[in-house]
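Please look over the structure below. The report that follows takes a few residues in turn.

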Amino acid sequence: NLLDAAIEAAREKAGKPEAEKDASSIQDLLTADEFRRKAKTAIKDRRWEYALALFDQSLEFDPENPIIENEKADLQKQIRNVTILRFSGISILIIIV
């Protein structure tokens, strides 16, 4: 898989400055993915504000990831829609995960 290939490439560069950069990049991507997975779980648990904070943390480690950006934007739309429904007096709750 891609992660194994990246780790192997980093090992081959061991002792070189770019190896440390590669290892750091891999760790950042793994950390970003961990925060993203936690955000998805928080959404399922209807902890939306917490999920937004987790998406923000994920983007700190992988700031140009369009998947994370889109998932965060989708959640923000979902929160807005639920808020509108609540203020309209409609008690229907639709969750899109």
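## Contacts and burial of S58

Setting aside neighbours up to four places away in sequence, S58 contacts A32, F35, R36 and I68. This is a predicted model. S58 sits in helix α3, which spans residues 48-61.

Is S58 buried or exposed? Its relative accessible area is 0%. The cut-off for buried is under 20%, so S58 counts as buried.

## L52 in the same helix record

L52 also belongs to helix α3. Its relative accessibility is 13%. Buried means under 20%, so L52 is classed as buried.

Which residues does L52 touch, leaving out those up to four places away in sequence? They are K72, L75, Q76 and I79. A39 is a further reference point: its C-alpha atom and that of L52 are separated by 7.1 Å. Along the chain, L52 and A39 are 13 residues apart.

## R46 in the loop

R46 is placed in the loop between α2 (17-44) and α3. Its backbone deserves a look. R46 is not a glycine, yet its phi is positive, at about 60 degrees.

Is R46 buried or exposed? Its relative accessibility is 52%. Exposed requires over 50%, so R46 counts as exposed.

## Summary

In helix α3, S58 and L52 are the residues covered here. S58 is buried at 0%, and L52 is buried at 13%. R46, in the loop between α2 and α3, is exposed at 52%.

Methods: Residues are numbered from 1 along each chain as its sequence is written. This is a predicted model: local features need pLDDT of at least 70, side-chain atom pairs count only at pLDDT 80 or more; totals for chains, interfaces and linings use all residues. Side-chain values use heavy atoms; hydrogens and water are left out. Helices (H or I, at least four residues) and strands (E, at least two) are DSSP runs, numbered from the N terminus. Buried means under 20% relative accessible area, exposed over 50%, partly exposed in between (1.4 Å probe, protein chains only). Contact means heavy atoms within 4.5 Å.
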